[in-house]
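Good morning, colleagues. Please take a moment with the sequence and the model before I begin.

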Amino acid sequence: MDEFKNVKKQFPIFSNFPGLIYLDSTATSLKPWSVIDELSKYYSNYSANIYRGVYRISEKATEEFEKTRQIVAQFLKAKTSDEIVFTRNTTESLNLVAYTLGRQIVGEGDEIVTTVMEHHSNFVPWQQLAFENGAVFKVIDVDDRGYLACHFDGTTIPNIISKRTKVLALTYVSNVLGTINPVKQIILQARKINPDIIVVVDAAQAVPHLDVNVAELGCDFLAFSSHKMLGPTGVGVLWGRLNLLEKMFPFMFGGEMIVDVSIAKTTFKRPPHKFEAGTPAIGEIIAFKEAIKFLQAIGLEKIRHHEKILALRCFDTLKKEFGEKIKLYGPNNFDDRGGVVAFNFGDYHSHDVASILDEENIAVRAGHHCAMPLHKRLDANSSVRASFYIYNNENDIDLLVKGLRKVEKILKNK
Amino acid sequence: MSIYSELILDNYENPRNVGVVKKPSKRVSVSNPLCGDAISMSVRIKKGRVAEIKFEGTGCAISQASSSMLTEYVKGKEIVLLKNLDKKFIIMMLGVELGVNRLKCALLPLEALKKLLVEY
């Protein structure tokens, strides 16, 4: 736990907002000094546009920008940094695949498979694509324990995946249940039935917390965001297999992504630049590499362990303190679960719980967390969600319990 | 200052005008899918005034208290005057400072009232 003792000091928000108990890293993470400094350095010292400039500060910006691409590629164990496309966020990364490859390969009567535990950003783009192209939209359910309701040992998956399944879109870690899906096994089984299936993984809640290796995972695309892993907002990553990226249509047209334009035709750059039209979030992408370095310096395995211990402790403490009054969602086994604890507290509305906790400087999320199909499945209008990251500790859980006692006191036994 | 003032908590714990009015002139339902709040409101209008108004539904303390207080306020009032009720009035009525998100909860009953009175 030593690595985590002094982590808080590296996040200026804790000096500027003393007493903040931040339990909403699943929505966005806090930012360390190293990231803020790097961002400020770009804006103060060499805030030029990339690629086009022949002057030194533009070349410096290009160099720093491309360094991030290298670091991201190494971080994911990608074959080449050409497989790393920068977008605005996970949502844009997923939409990019749905709009380009999705519209190229999904036709009438084909199938798209996703799960009920998806964030809207890996659900709605596929649902809409299915509507548009007359495809069948299949949704894998969850069971009462919070796992995907199919056995990926080959027994039930033939009922879900078929030769006509063009896309399997699935989340690595649920942003509500915390469930870590056995993505590698799922892909293995799915490919046994249909080797041509395109697998798109939403890794927004995985890459910040787990050691993710695209070479091992076996997916075709993987999307995540910088801002959930200590980095700046406005930066998303799409990793894709180079051969697929090469045959895909561009997503947006404009500056930076072309080789030659004439009245008669336009030729496009190779990936990843083909997908990066317009000036990107240069400073933010440059600073993003500091976030990755920060995580690597601690080590993803240690981070995973730290979060697991905290989430498990939170889960057990809430159960012990409030018993039947608290309804906890997601798997009981924290080997299969990330640092997310979603719950409903008595009959209190999640917004009331979150507002009263806010009075105690505790930041939790309340609502449906962009996962309405899942909340409908859980028969809950909304839920409260506490999530843990490197700057959280056991004291935060004690204060959460204290805060919930205050909720009881204020709202009584309604 | 806490948004859970005595006034709001009192209206949350003991909401006024809960139910459905008999022989309603109109009945409407509104909801905020973002948080699952849902209110249905019914009104009986007599001689251009609100003779009776009731609400029922599920939601947070703020939306429930706001519904209770708003229905209490409009009872017996002339419809012409009620058409002017706006966000500013709701904030004044509740007497607490609400952030943008919680303000949506507070405004849900006003949306219901506007729908009820639109053709009168």
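Which residues line the second largest cavity? They are Ile50(A), Tyr51(A), Glu256(A), His273(A), Glu276(A), Gly278(A) and Pro280(A). A word on conventions is due here. This is a predicted model, in which local features need pLDDT of at least 70 and side-chain atom pairs count only at pLDDT 80 or more, whereas totals for chains, interfaces and linings use all residues. Residues are numbered from 1 along each chain as its sequence is written, chains are lettered from A and ligands numbered from 1 in the order in which they are written, and side-chain values use heavy atoms, with hydrogens and water left out.

As for terms, the search runs on a 1 Å grid over the protein atoms alone: a cavity is a set of points where a 1.4 Å probe fits but cannot get out, a pocket is an open set with protein on both sides within 12 Å along at least five of seven lines, and lining residues have an atom within 4 Å of a point. Grid points are joined across faces, edges and corners, and a volume is the space filled by probe spheres set on the points.

By this rule there are 3 cavities of 30 Å³ or more. The second largest has a volume of about 40 Å³, and its lining holds 3 nonpolar, 2 polar and 2 charged residues. In these classes Ala, Val, Leu, Ile, Met, Phe, Trp, Tyr, Cys and Pro are nonpolar, Asp, Glu, Lys and Arg are charged, and the others, Gly among them, are polar.

The largest cavity has a volume of about 90 Å³. Among its lining residues are Thr26(A), Val173(A), Arg304(A), Glu307(A) and Phe388(A). The division here is 5 nonpolar, 5 polar and 2 charged. Where does this cavity lie with respect to the domains of chain A? Domain 1 and domain 2 of chain A both give residues to the lining, so the largest cavity lies between them.

Let me turn to those domains. The assignment, automatic or from a database, gives domain 1 as 2-24 + 299-411 and domain 2 as 46-295 in chain A. Their centres, taken over C-alpha atoms, are separated by 28 Å. The contact (heavy atoms within 4.5 Å) takes 33 residues from domain 1 of chain A and 31 residues from domain 2 of chain A.

Next, the sheets. Helices (H or I, at least four residues) and strands (E, at least two) are DSSP runs numbered from the N terminus, and two strands pair if DSSP finds at least two bridges between them. In chain A, 7 strands form an open sheet of mixed pairing, ordered β2-β8-β7-β6-β5-β3-β4. The edges are β2 (84-87) and β4 (136-140) of chain A, each pairing on one side only. From one strand to the next the twist averages 20°; axes are lines fitted to C-alpha atoms, for helices over the stretch in contact, and angles run from 0 to 180 degrees between N-to-C directions.

Within this sheet, β7 (221-225) and β8 (236-240) of chain A run antiparallel and are joined by 5 bridges. Phe224(A) stands opposite Val237(A) in β8(A). The loop between β7 and β8 of chain A holds Leu230(A), a residue with a positive phi of about 80° although it is not a glycine. Across β2, β7 and β8 of chain A lies helix α4 (56-76), at about 120° to β2(A).

Another backbone point concerns the loop between β10 (266-268) and α10 (282-298) of chain A, where Pro272(A) is placed. The peptide bond from Pro271(A) to Pro272(A) is cis, with omega near 5°.

Chain B offers a hairpin, formed by β2(B) and β3(B) with 2 residues between them. Its strands, 37-46 and 49-58, pair in the antiparallel sense over 9 bridges, and Arg44(B) stands opposite Glu52(B) in β3(B). In the turn, Lys47(B) has a positive phi of about 50°.

What is the volume of the largest pocket? The value is about 730 Å³. Of its 30 lining residues, the closest to the centre are His351(A), Ala354(A), Ser355(A), Asn101(B) and Arg102(B). Helix α12(A) supplies the largest share of the lining, 5 residues. By class, the lining comprises 13 nonpolar, 10 polar and 7 charged residues.

Thank you; I welcome your questions.
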